[in-house]
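Let's walk through this protein together, from the overall picture down to individual residue pairs. Have the sequence and the 3D view open, and follow along at your own pace.

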Amino acid sequence: MTTEALGQGAATEDRRAWYGQLALDALRRVGGVLGRVFAVVRPAAWVLLAGAVVLWIAGRSLGWWELTVAAVSIAVVLLLCLLFLIGRTAYDVSLDLNRTRVVVGERAIGALTLSNTSSRAILPSRVLLPVGSGRGVFDVQRLAAGESAEELFAIPTSRRAVVKVGPVSVVRGDPLGLFERVHRRDEPVDLFVHPRTVLFDGQSLGFLRDLEGLPATDLSPDDVSFHALREYQPGDDLRHVHWKSTARTGHMMVRQYEETRRSHFVIGLSTSPADYRDDAEFELAISAAGSLGLRALRDSHRVEVRVQERALPSGTGKQFLDSLSALGQSKPRSGTVVDLAGVVAATLPLASVVVLVCGSRVDANDLRSACSRLPFGARVLAVVASPGEAAPSLRRIGEADVVTLGALEQLPNALRKGLA
C-alpha cells in the first residue's frame, strides 16, 4: 500500500470521526430541547393530546364530524393553555429566615422577597417554597419595573430534624394545570430544629473545675499535686528527693504526688434501636445528652461525644446541638450500649467523667457490662430514658450511679441526688 493511499485512509477516518462528533452534538442538542419541552407538559396534557389524536383519527375514519370537532376543541384548549407560558420570570429572589436554629415546638419565621429589577413588567406568577417534604405556594401579582413583593411565612416544628428550606421555584402555568414552566431561584437554607434541653443552676454536674486537673485517689511519683513524703525505693527518680527531710531523718526521702487528670467529659449516647422501646425514649435520651453536654461546655470542660460508629462535633454548643438535630438511630449491626462503652474505652482512655445515655430496654446486666468496659479511674454515670416514670430513681450498679428519667425536667434534681 502506497503512502498516498495511507494518507487518504487516515483522512477518511478523520472525516468519519468529525461527522460522528457532529451527529452526537446534534443529538445532545435535540435531547436537551426535547427534555425542556417534555418538562413543561404535565401528565394531564399528555392524556388530552393522546385523546385528541385518537378522536381525530376516529372521526376521519368513521366520518363522524362530532369526533373531529371534539378533537379540534381539545387542540384549541391546549393551544390556549400554552399561551399562559409566555412571559418572563426574571425575579431577584431573596429568602431570609430570622433564625436558622430553633427548638422543637418553636416556629421559624421567614420572609420571601421577589423584586423586578428589569425594565419591563412581569406578569403574575406562582412561587413554590419547598420546606422539607412539604411546600408552600404563594401567588405573586403583576410586578412593574422596580417593584417588589414580600411574603411572610412561618414554619412549625414538631420534631427534631434538619429541614431544608428552598430552593425557591417560580412557576408559570395555565389555570387547568396542563402546562407548567419552572425556574429555580436562590439557594436552599438549612433549618436546624434542636432537641429540647434544660439548664442547670451552678455546678450541677458536681465536678470540680481546676486548671491543674481533677485530683484522684491514685498516687503518682511525678505530678503537680503534692501528697506526702516516703522513703526512697530503688528506681525512684532522684529529682524528687527531698534533701531537707533526708538530712533530718537520716533516710533518703522522696516526694509523692496525687495523680491529677484534666477535666475530660465524655458522653456515650447509644443510638441502637435495640436499646429503646419507642421514639419517645430515643428523643428523651437525646435531650438528656444535649443538656449534659451544654452544662459541661459552660463549665469549660473538654467534651467528647460518641455514638455508634462515629464521634459527634462538640467543640461548641451550636455544633453539638446541630449534630444532635440530624442524629438518627443506627443500624442493628452497629452494636448496643455495651459495644459503645468498649469504643469509648479504646478511643478515650484518659476520660475523667463518662456519662452513658441509653433507653429502658437495657437491663442491669448490660449496664454492668457496659460500665465495666469504661476507662479505669473515670467517674461513671448512666442515664436511662424511660418516659412515664412519675419520679426519677437512683441506683448503684458496680462503680456507676444509674439515674432513670421519666421526663427531661427531672434531670437536674436527679443529678443533684446522684452526684451529691
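What you see is a predicted model, and the average pLDDT of the protein is 82, with 84% of the residues scoring at least 70. One stretch deserves some caution: over residues 206-224 the pLDDT falls below 50, and in the model this stretch has 52 contacts beyond near neighbours in sequence.

Now for the overall make-up. The protein has 9 helices and 20 strands. Of its 420 residues, 40% count as buried. If we take the contacts between residues at least 6 apart in sequence, 69% of them join residues at least 24 apart.

A good place to begin is the part of the chain that comes with an annotation. The unreviewed UniProt entry marks residues 37-58 and 64-86 as "transmembrane region". In the model, residues 64-86 are 83% helix and 0% strand, and the end C-alpha atoms of this span lie 35 Å apart.

Let's move on to the strands. One open sheet has 3 strands in the order 1-3-6, paired in the antiparallel sense. Strand 1 (92-97) and strand 6 (148-156) each have a single partner strand, so they stand at the edges and one side of each has no neighbour in the sheet. From one strand to the next, the twist averages 15°. If you zoom in on strand 3 (residues 107-115), you will find 9 bridges joining it to strand 6 in an antiparallel arrangement. Within this pairing, Ala111 stands opposite Leu152 of strand 6.

Next, have a look at strand 10 (residues 189-194), which is joined to strand 2 (residues 101-103) by 3 bridges, the two running parallel. Here Val103 faces His194 of strand 10. Strand 10 also pairs with strand 7 (residues 161-165), this time antiparallel and through 5 bridges. Ala161 has Val193 in strand 10 as its bridge partner. Both senses of pairing rest on a common principle, as strands of a sheet pair through backbone hydrogen bonds, either parallel or antiparallel.

Further along the chain there is an open sheet of 7 strands with mixed pairing, in the order 16-15-14-17-18-20-19. Its edges are strand 16 (310-312) and strand 19 (393-397); each has a single partner strand, so one side of each is left without a neighbour in the sheet. The twist in this sheet averages 25° from one strand to the next. Strand 18 (residues 379-385) pairs with strand 20 (residues 400-405) in the parallel sense, over 5 bridges, and Ala382 stands opposite Val402 of strand 20. Helix 8 (residues 364-373) lies across strand 17 (353-359), strand 18, strand 19 and strand 20, and runs at about 60° to strand 19.

Let's finish with two cysteines. How many disulfides does the model contain? The count is 0, with the criterion being a pair of cysteine sulfur atoms within 2.5 Å. For Cys358, the closest cysteine sulfur is that of Cys371, and at 8.6 Å it is too far for a bond. Seen from Cys371, the closest cysteine sulfur is in Cys358, again too far at 8.6 Å. Are these cysteines buried or exposed? Cys358 is buried, with a relative accessible area of 0%, and Cys371 also counts as buried, at 13% relative accessibility.

Definitions and conventions: Residues are numbered from 1 along each chain as its sequence is written. This is a predicted model: local features need pLDDT of at least 70, side-chain atom pairs count only at pLDDT 80 or more; totals for chains, interfaces and linings use all residues. Side-chain values use heavy atoms; hydrogens and water are left out. Two strands pair if DSSP finds at least two bridges between them. Helices (H or I, at least four residues) and strands (E, at least two) are DSSP runs, numbered from the N terminus. Axes are lines fitted to C-alpha atoms, for helices over the stretch in contact, and angles run from 0 to 180 degrees between N-to-C directions. Buried means under 20% relative accessible area, exposed over 50%, partly exposed in between (1.4 Å probe, protein chains only). Contact means heavy atoms within 4.5 Å. pLDDT is the predictor's confidence in each residue, from 0 to 100. UniProt positions are given in the numbering used here, feature names are shortened, and annotations may be inferred rather than shown by experiment.
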